[in-house]
Amino acid sequence: MPNRERLVRTLMDLIRIDSPTGEEDEMDREVSSRLQSLGFIVKHDSYGNVVARLDGEGEPLMLSAHLDTVEPGRGIKPQLNGDVMRSDGSTILGGDCKAGVAIVLEALTSVKESGEKHLPVEVVFSRAEEGGLNGAHNLDFSLVSATRGVVFDGEGQVNRVTVAAPSQNVVKAEIVGRASHAGLEPEKGLSALVVAGHILTRLPLGRLDEESTANIGYLEGGLKRNIIPERAFLDGEIRSRDRSKLEHYTDRFQQVFEEVQSMYPEAVLDLNITSSYQAYRVDAEHPTVTMLSRALAQIGLEPSLEGSGGGSDANVFFEHGIAAIPVGIGVRSFHTREETAMIPEVLQGAEMCQRLVTGV
C-alpha cells in the first residue's frame with residue numbers, strides 16, 4: 001500500500017522545485033529520474049512532454065498530470081500542519097498539479113514494492129497545461145497506445161470524477177481608433193477605450209446558463225493620460241458543455257462587434273475567435289468510469305460524477321481517442337495563496353491509482 005510518509009516527502013520535494021509554465025526542465029529531470037528508477041522507458045516528444053512506459057499484462061492504462069504551475073509559484077515553502085499542507089502564504093502551494101504527480105509516483109512505487117502483476121502503464125506528464133493545454137495540444141500521440149486513462153488534476157477528493165467538461169473558444173480583439181491630444185484637440189480623437197467600453201457593456205458575460213460561461217479577462221489600451229487612446233486589446237473566452245450553445249454565444253459576440261462597428265464606422269475592429277479545445281461527456285456506464293468506480297469501491301469510496309466548467313488535458317486526450325477522465329487530487333483552492341493539500345485525500349488518490357494499475 002502507498003506510504004504516507006514517503007508520499008508527503010515526495011510532494012514537498014516536488015513543490016520546492018520552481019516550475020512556472022515554460023520553466024519545467026528541473027521538474028522534468030526529477031520525474032524522469034524517478035520513473036527510470038521504477039523501470040520505465042522514458043521518452044520526450046519534440047515539445048518536451050514526458051512520455052514513459054512500463055510493460056505489463058492486459059490493456060494499457062495512461063496516467064497523466066502536468067508539470068507546470070501558475071504564478072506566484074517561485075520559492076514555495078510548503079508547510080505541513082497535521083493533515084493539511086499549505087504554503088507560507090506568499091505563494092500558491094503548487095498542489096495543482098504536483099499532488100497529481102506525487103499520486104502517480106507513489107502508486108507506481110508501491111506497486112513495484114509489492115511485486116504485484118500490473119497493467120502496461122503509460123505515464124504522460126505534460127508541460128504548459130496552465131493557460132492553454134499547450135503541452136497536450138503538442139503531444140506526440142504516436143508515443144501513446146492506451147485508449148483509456150486517468151488525469152490526476154481535479155479539485156477535491158479522488159472520488160470526484162469529472163464526466164463532462166466544456167468546449168472553449170478564445171476571443172481576441174484589437175480596436176483601433178484615432179489618437180489626438182486630450183487637452184488641445186480631443187474632438188479629433190476617437191478613443192479605442194470608449195469603443196471597447198461599448199463592446200463590454202453589450203457582450204453576454206459571466207454565467208450565461210447552467211452549462212455556459214463567458215469572460216473578458218484582460219483589457220489593455222492607451223499610452224498616457226493626455227492622449228486619446230488609439231488602440232485597445234481584449235482577451236477573453238466563451239465556454240459551454242453544449243456545442244449549440246457555444247455556437248449561439250459565439251454568434252452573439254460577433255453580432256455585438258458588428259453593432260458597435262456601425263456606431264463607430266471610423267474605428268477598426270478586428271475580432272478573432274478560435275477553438276481551444278472541445279467538450280467531452282460520458283455517462284456512468286462508460287468503461288473508464290466503471291473502471292474508476294471499481295477502484296474507488298476497493299478503497300471504500302463511491303464516485304461522485306460531476307460536470308465541470310473548466311478544461312484540462314483530458315479534453316485534448318478525448319479529441320485524440322483516449323478516454324482519460326480527471327479525478328480529484330486532494331487539493332482545494334487552486335491558483336490561490338490559500339491553496340491546500342489534504343494529505344489523507346492525496347493518499348487516497350495514490351491508493352486508488354495503485355488499484356487501477358494492478359487491474360482491479
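Two strands count as paired when DSSP finds at least two bridges between them. With that in mind, the tour of this predicted model can start at one of its sheets. Five strands form an open sheet in the order 10-11-12-9-13, and the pairing is antiparallel. Strand 10 (206-209) and strand 13 stand at the edges; each has a single partner strand, so one side of each is left without a neighbour in the sheet. On average, neighbouring strands here are turned by 20° against each other, direction ignored.

Further in, strand 9 pairs with strand 12 (residues 231-240) in the antiparallel sense, over 10 bridges. One position helps to place this pairing: Glu174 has Phe233, in strand 12, as its bridge partner. Two helices accompany the sheet. Helix 6 packs on the sheet and touches strand 9, strand 10, strand 11, strand 12 and strand 13. The direction of helix 6 makes about 170° with that of strand 13. Helix 5, in turn, lies across strand 9, strand 11 (212-221), strand 12 and strand 13, and runs at about 20° to strand 12.

Attention now turns to charged side chains. Across the whole structure, a search finds 27 salt bridges. In one of them, the side chains of Glu113 and Arg6 meet at 2.5 Å, N to O. This pair links distant parts of the chain, 107 residues apart: Glu113 belongs to helix 3 (residues 95-114) and Arg6 to helix 1 (residues 4-15). The two partners differ in their surroundings, since Glu113 is exposed, with a relative accessible area of 55%, whereas Arg6 counts as buried at 16% relative accessibility.

A second salt bridge joins Asp28 and Arg127, whose closest N and O atoms are 2.9 Å apart. Here, too, distant parts of the chain are linked: Asp28 lies in helix 2 (residues 25-37), and Arg127, 99 residues apart from Asp28, lies in the loop between strand 6 (121-126) and helix 4 (134-137). Asp28 counts as buried, at 7% relative accessibility, and Arg127 counts as buried at 11%.

Arg178 and Glu266 form another salt bridge, with the closest N and O atoms 2.9 Å apart. Both residues sit in loops, 88 residues apart: Arg178 between strand 9 (167-176) and helix 5 (192-202), Glu266 between helix 6 (243-263) and strand 13 (268-277). Arg178 counts as partly exposed, at 34% relative accessibility, while Glu266 is exposed, with a relative accessible area of 57%. Finally, salt bridges that share partners join Asp209, Glu210, Glu211, Lys245 and Arg281 into one network.

How values were computed. Residues are numbered from 1 along each chain as its sequence is written. This is a predicted model: local features need pLDDT of at least 70, side-chain atom pairs count only at pLDDT 80 or more; totals for chains, interfaces and linings use all residues. Side-chain values use heavy atoms; hydrogens and water are left out. A salt bridge is a side-chain nitrogen of Lys or Arg within 4 Å of a carboxyl oxygen of Asp or Glu. Helices (H or I, at least four residues) and strands (E, at least two) are DSSP runs, numbered from the N terminus. Buried means under 20% relative accessible area, exposed over 50%, partly exposed in between (1.4 Å probe, protein chains only). Axes are lines fitted to C-alpha atoms, for helices over the stretch in contact, and angles run from 0 to 180 degrees between N-to-C directions. Contact means heavy atoms within 4.5 Å.
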